[in-house]
Structure formats: structure tokens, C-alpha cells
Amino acid sequence: MKFTDLHVAIAGGGSTYTPGIVQAMLHNSDRFPVSKITLYDIDEERNEDMKLIVKYMLENDGYDNVELNATLDPEEAFTGCDFVFSQIRVGGMEMREKDEKIPLSHGLVGQETCGVGGFSYGLRSIKGLLGVVGYVQEYSPDAWILNYTNPETLIAEAIRRQFPNAHMLNACDMTISIEETMARNFGYDRKNWIAQYYGLNHFGWYTSIYDKSLQRDVMPELIEKLRKAPMKIASFNKGDQSWQDAWNKLSKILDYFPDYLPNNYLEYYFFPDIVVEETDSNHTRANMVMDGRLKNTKEMATKIRNKAEGEVLDFDFGEHGQYIVDMATSILNDSHERFMLIQPNMGAIPNLRQDAVVEIPTYVGRLGAEPISMRHPINDFHKGLMEAQNAAEKLLVDGYFEGSYQKVLEAFTLNQTVPSADKAKEVLDDLIIANKGYWPELH
Ligand code: NAD
Ligand code: G6P
Ligand code: MN
């Protein structure tokens, strides 16, 4: 690993999140001296569109010294790289649409990362990410892989089984988005916050949020405010009604369980019936993203290609890119900043099994993740929910590696959005057909 002239490869280079990550790298070039960016993808059209957009950004912002490549060749992408930012979506939005619509057709939650839709995505995604991590181990084994690819817990569990020595951090932007949105809604500065949080990915709770400037735990007052009125979507989710619905549900969870501030994704486990009822099974989130972000990105590339006049980049990139660049910078400079990371428990939550993959606050430095021990047990309500979910996730990953239909069926049955073994089997059998060629063969 080098400390100057950094070479960063982005796996899933064609992702609509790439401009935000590049923008964050460029704006932090004093702390994070990037000199080469390689976009790696399996879809040439999307990768080339993104190359055009990133080239436009580099030229417009005066970063002529940064070399830019786009390639479908893993050897070219990963040889000599210092950091790999990973954000692939195996099967694309077309398969996400199936993960959402097939469970809905059985009256079950259909969601990207939660419920059986998330499990369906997991069985595709693990294979893709094992591929990426394998390439990095082969071509640049010292590089740091910072992973956003979902579903995060399943990915983290599978990677540590196959590549226990990989230099890899798994992160989710949800806690930072919740914090930033609360701060903007209620007039705080989240830079002053020290958040205590535990859970599995998209399945956790804040236990306190200490504000260094106000010198108090602000979580109780945030809960009060959220119970009075849900927060409004921030500018980086502008006009996006489904995020507004998620914030509304977060407040609803607090009506039932007001002691801890939940991750909004718990709505799928607490209110599956309402979520199913409110979801338009003909037009799910995948359709919204295809008609929104994906279309906008395509249009942006077309405008640049046609040298159209006027503002071409019109995204508010939010916290997502900054968060991953902050992590990379913390490794590089050994600065031990604090991040919420997804990693083996190993005693951090003392009364939860050691080998559960959990999401907890962690210092990040040159040696990677240095998890912070909670030093106190968690309550039975959260523990029970997490243990069932964790066992289901472990069974699913077992099922992936063993090619075991039985284990996957058990995982589906144990998933807390599924009411019966009959339903689990029905939806599993449909998803096997839909995922042919993506999932391992199950026997
Ligand atoms: P997207 O479909 O728009 O982009 C993904 C890109 O990955 C596409 O260009 C696709 O061609 C490429 N790809 C697919 N399989 C690949 C493979 N095997 N190797 C290389 N490239 C491959 O998806 P998106 O909405 O931009 O999301 C990308 C990923 O990031 C998803 O997994 C999503 O769930 C995840 N994500 C995670 C977080 C988080 O909090 N962890 C936040 C946002 C997005
Ligand atoms: C948040 C979550 C991600 C998830 C994304 C979905 O950022 O933390 O894990 O992938 O939302 O957003 P989308 O706009 O694709 O529905
Ligand atoms: Mn996430």
C-alpha cells in the first residue's frame, strides 16, 4: 500500500454512486492524494458512460493530474491498486425488481436487503463479491477493500469464511444518513455527536447520542421530537416519497418501543403486514430507481457526449461518498476516526454469540477495524430479535457454500417477515426459478 499517488479501483464503476465517491475523493485530495481512478464493471456501456461523467468532473474541477481508466478486465483494474471501493449489484435492477415482486406476490415483504428479497439478493451477491475479493487477493493482496455491496451482513459473513485474511471493511451509509437527516431536521450538527449503536446490518438501535458541544445525551430529546412529528427528507433524498415513508415508519416504531432510537429498516420486521399493504406490487422501489437515478445518469452521459450546454451534473450526492472516503483516509492517516462497521462480534456485545456479524461503532486506523466493546449486555427484546435474524443469516450462508436446499429453507422459515414454513417454501421455490444462473444449485 502506498501513501501518496493512490490508485483507487471502483468495483461496480458504472453505479450511480460513483460520481459522489469521486467528488468526495477530489474534495479531500489534501488528505487522500488520489492519482489514478479505475472503474471496473461487467457492463461496458454503464462503465463507459460513467467514465465520461467522471472525466467531465475531473476536467471541470481542474484535476488534470488524475489518471482515469475504465475496464472490464479484473487484472487491469486491480493490479497495483491501494484501495478498492466495492458497490456491485449482481443481477442489476432487473433482479432487484424480482426480489421485490416475487415475495409480494406471496403476500410477503419484498425489499432489497430485508426479508426474503434480501436473502434472494444475498445468494446472488455473495458469488459476485467473492469474485471481486478473489481478484484483489490475486492482483493486490495488500489493498484495502471498502465494501458497500449489499446485503452487507451476508457478504461480510461469506467473505470472512472464504478470505479470512482479506483487508476489508464493510460499511453501511444508513446510520450516517439517519444522523444527518435528524441533525438537519432538528437543528444539530452531527459532527459533534458520538453515537452508541448496536445491531445487525439494517437491524439495530441507538442507545445514546452524546453531543460534545451541548455536553449531553441528545437521544431522549430526538426521540421526543420524532414522536411529535416524523422528520422530513433531506436534500440528498429530495422529492423521494419512499424515503419520507421510511422516516414516517421510524416514528411509528417509536410509538411502540420508545426507549431506543431504531434503524428505520426495522419497519420490515415490525410491520410487515402494513408494508405489504402499502406497497404497489406493480411499481416497487426498483422501478422508481430505474425511472429516477439510472435514467438521470444515462441522460447525464448523453448530454456530455453531445456536448450539451448548461449544468450537466445535477446530483446532491449526500453523505454516501464522503463516508467511504473518510474511512479510507482514516486507514491512510491512522487517524482512528469512528465509524459504524459490520464485523464479527467477538465479545463487543457480551451476551451475543461471538461469531455473529454485527454492526457496531469502530475505530479505523492503519491496522483496519478496531471495534469498540459495548461493555454491557443488550436487553432480551433486541437480543431475541437479533439472534433469530443472525441464525437465519448464518443458515443462508451455510446454504450458499453447501448448496443445501434444506439450510436455505430453514433460513427462509426463520426470517421474521415469514409467517409459516409453507410460505417460506412457496416463495423459495419461485425465487430458485427466477435466480437460475445466479444462485448456486441447491440440492
Ligand atoms: P447499480 O445497479 O446502479 O450499479 C451497480 C453496478 O455494478 C452496475 O454498473 C453493474 O453493471 C455492476 N456490476 C454488477 N455485477 C458486477 C460484478 N460481478 N463485477 C463488477 N461490476 C458488477 O446499483 P446501485 O444502486 O448503484 O448499488 C450498488 C451496490 O451498492 C448495491 O449492492 C447496493 O445495495 C449497494 N449500496 C449499499 C449501500 C450501503 O449502505 N451499504 C448504500 C447504497 C448502495
Ligand atoms: C440506504 C441503505 C443501503 C441501500 C439504499 C437503497 O442507503 O443503507 O443499504 O442500498 O439505501 O437505496 P435505493 O435508493 O437504491 O432504494
Ligand atoms: Mn445499508
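Here is a quick tour of the fold as a whole, followed by one helix and two residues. Keep in mind that this is a predicted model. The chain has 16 helices and 13 strands. Its radius of gyration is 21 Å, close to the 22 Å that the globule rule gives for 443 residues, so the chain is as compact as a globular protein of that length.

**The whole chain**

- If you lay the C-alpha trace along its principal axes, it spans about 55 × 55 × 45 Å.
- Of the 443 residues, 57% are buried.
- Take the contacts with a separation of 6 or more: 71% of them join residues that sit 24 or more positions apart.
- The accessible surface adds up to about 17900 Å², and carbon and sulfur atoms account for 48% of that.
- On the charge side, you get 43 positive and 66 negative side chains, with the centres of the two sets 2 Å apart.

**Helix 1**

- Helix 1 runs over residues 18-27 and is mostly covered, with 8 of its 10 residues buried.
- Those buried residues are Thr18, Pro19, Gly20, Ile21, Val22, Ala24, Met25 and Leu26.
- What do they pack against? Their partners are strand 1 (6-11), strand 2 (34-40), strand 4 (83-86), helix 2 (44-60) and helix 13 (320-332).

**Asn415**

- You'll find Asn415 in a loop, the one between helix 15 (405-414) and helix 16 (421-434).
- Asn415 has a relative accessibility of 1%, and because buried means under 20%, it counts as buried.
- Its side chain makes a polar contact of 2.8 Å with the side chain of Thr417.
- Setting aside neighbours within four places in sequence, Asn415 is in contact with Gly115, Val116, Phe119, Tyr269, Gln389 and Ala392.

**Lys252**

- Lys252 belongs to helix 9, which covers residues 241-256.
- Is Lys252 buried or partly exposed? With a relative accessibility of 26%, Lys252 counts as partly exposed, because that class lies between the 20% and 50% cut-offs.
- Not counting residues up to four places away in sequence, Lys252 touches Phe271 and Ile274.
- Asn264 comes 12 residues from Lys252 along the chain, and the C-alpha atoms of the two are separated by 9.7 Å.

Definitions and conventions
Residues are numbered from 1 along each chain as its sequence is written. Chains are lettered from A and ligands numbered from 1 in the order in which they are written. This is a predicted model: local features need pLDDT of at least 70, side-chain atom pairs count only at pLDDT 80 or more; totals for chains, interfaces and linings use all residues. Side-chain values use heavy atoms; hydrogens and water are left out. Helices (H or I, at least four residues) and strands (E, at least two) are DSSP runs, numbered from the N terminus. Buried means under 20% relative accessible area, exposed over 50%, partly exposed in between (1.4 Å probe, protein chains only). A polar contact is a pair of N or O atoms within 3.5 Å; within protein, one must be able to donate a hydrogen and the other to accept it, and residues adjacent in sequence count only if both atoms are side-chain atoms. Contact means heavy atoms within 4.5 Å. The radius of gyration is taken over C-alpha atoms; the globule rule is 2.2 Å times the number of residues to the power 0.38. Accessible areas come from the Shrake-Rupley method with a 1.4 Å probe; for residues, only the protein chains shown count as cover. Lys and Arg count as positive and Asp and Glu as negative; His and the chain ends are not counted. The place of a charge is taken as NZ of Lys, CZ of Arg, CG of Asp or CD of Glu.
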